[in-house]
Amino acid sequence: MTAETTVGGPAVGMPLRRRVPLGPNGPLGMIVDPMTWRAVPYMLVSVFYGAVCSAFMASAIPVALSLVIVWAGLPLLALTMCAWRAAAMLERRLVRLAFGVTIRDPYRPSRGDNLFLRWKDMFVDPATWKDLLYLLLLLPIGVVEFVVSVALWCLGLGMIIVPTVLLFGGNPVTITDGLLVDSAPEALLCVPVGVGVLLVALYATRGMGWLHALLAVALLGAGEKNLLAARAAQLRASRARAVDAAEAERRRIERDLHDGAQQRLLSVAMDLGRAQAKMDSDPQGARELLAQAHAGAKAAISELRDLARGIHPAILTDRGLDAALSSLAARAPVRVDLSVEVSHRPPPAVESIAYFVVAESLTNMVKHSEATEVSVRVSREGQRVVVEVHDNGVGAAVPRAGGGLAGLADRAATIDGTLSVDSPLGGPTLIRAELPCQW
């Protein structure tokens, strides 16, 4: 419970058995862990939340079902289902705060165009009924957690303060029926016993928290089948975007070759042919045509070099991301503050996508944002490479279909990465890419 995980998506952090230590980290680790002290108030309050939910559903559901025969119960039943869904959503947030386990809403997207079809989609969604089951179980579970927590914590704290009460009050102290403390030695003996009870309360709190989190994950999260289906859909979408991105890149290369280097090389060939025809009759004109062909050949070589750099820069392969981005920053017409904090080289695919995120972002900022300063930061966060490009321009950058930012998002999606754009009108603009990376 010392780190967060995500249920319904990629997990981040330690496994649940390590986050809810029932012994490996010892009592001291549980005492200093803030999750312990977040779990205690949750267990004291959840019983009341469960009581409210149970009372509402015990009254609303029978009334709605009894009125279904006259159709008036359908809107009431729909509102009741929306209410318990909202209660389950709130419970997911409370579980995250109390136990450090993030559970994403597992509901299927509705494809209905009207309220009836949307309600039908909600009705046939298994997550709706799992929410109801969890909320019905919340009251009895909350009662157990409340009673155990109050009994252990109050008993432990009470025994620790017994010597103080006996010293200042002078009267014997009754802890429980049949347990009377009326002397100083007995009062002092209560202190270590109270400390032991508090340790038991710590372990009980963590144990109940662990079990409660498991139940919440099972009933409020997406099932394994839904997770696999969502993952399959994500992979299909990623594959489709990868194919589209590769096709767009191929068309761009063909267009650049046809409109650029190919035309220049054709002009060079024509100049050489004309120079050859004039070699005997007009040597001076032939020399001018040769000079013109030479200049055209150098321009074609430069365009081919730029085109190759746009496909994959050689410096990126030879010297890595830091050197390649430093070369980009040096060629940029605005001031670029570059920071690359990656200790080991990422895989080639990650390096390439990170490079082009920066390259395309700089190009867009120069063309459209009117920025005078750009900050580029590449860092490692867990199993991810994070690329952030920040400028002080006018903002209003929006990914559009077929645009450069949309192309960057497609590139990132080929390795299950994400790209976000935060660009309010008036600026500044922040482009952030998160790229999964196995080090």
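Let's start at Val378, which touches Leu321, Leu325, Ser339, Val340, Glu341, Val342, Val385, Val386 and Val387, leaving aside residues up to four places away in sequence. A contact here means heavy atoms within 4.5 Å. This is a predicted model, where local features need pLDDT of at least 70 and side-chain atom pairs count only at pLDDT 80 or more, while totals for chains, interfaces and linings use all residues. Residues are numbered from 1 along each chain as its sequence is written, and side-chain values use heavy atoms, with hydrogens and water left out.

**The cores**

Val378 is also among the residues with the most contacts inside the largest nonpolar core, which has 35 residues. A nonpolar core is a set of buried Ala, Val, Leu, Ile, Met, Phe, Trp, Tyr and Cys residues joined through side-chain atoms within 4.5 Å. Buried means under 20% relative accessible area, exposed means over 50%, and partly exposed is in between (1.4 Å probe, protein chains only). At least two residues of this core come from each of α12 (321–331), α13 (348–369), β6 (373–381), β7 (384–391), α14 (404–413) and β9 (429–436). Helix α13 gives the largest share, ten residues. There's a second, separate core too, with 32 residues including Cys53, Met57, Leu77 and Leu220. In soluble globular proteins, nonpolar side chains tend to be buried together.

**The whole chain**

The chain holds 14 helices and nine strands. Those are DSSP runs numbered from the N terminus: helices are H or I with at least four residues, strands E with at least two. Of its 439 residues, 37% count as buried. If you take contacts between residues at least 6 apart in sequence, 70% of them join residues at least 24 apart.

**Three residues to look up**

| Residue | Place | Relative accessibility |
|---|---|---|
| Leu76 | helix α4 (residues 73–99) | 31%, partly exposed |
| Arg104 | loop between β2 (101–103) and α5 (115–124) | 43%, partly exposed |
| Ser149 | helix α6 (residues 126–160) | 4%, buried |

Ser149 touches Met43, Leu44, Cys154 and Met208, again not counting residues up to four places away in sequence. As for Arg104, its C-alpha sits 9.3 Å from that of Arg93, and the two are eleven residues apart in sequence.
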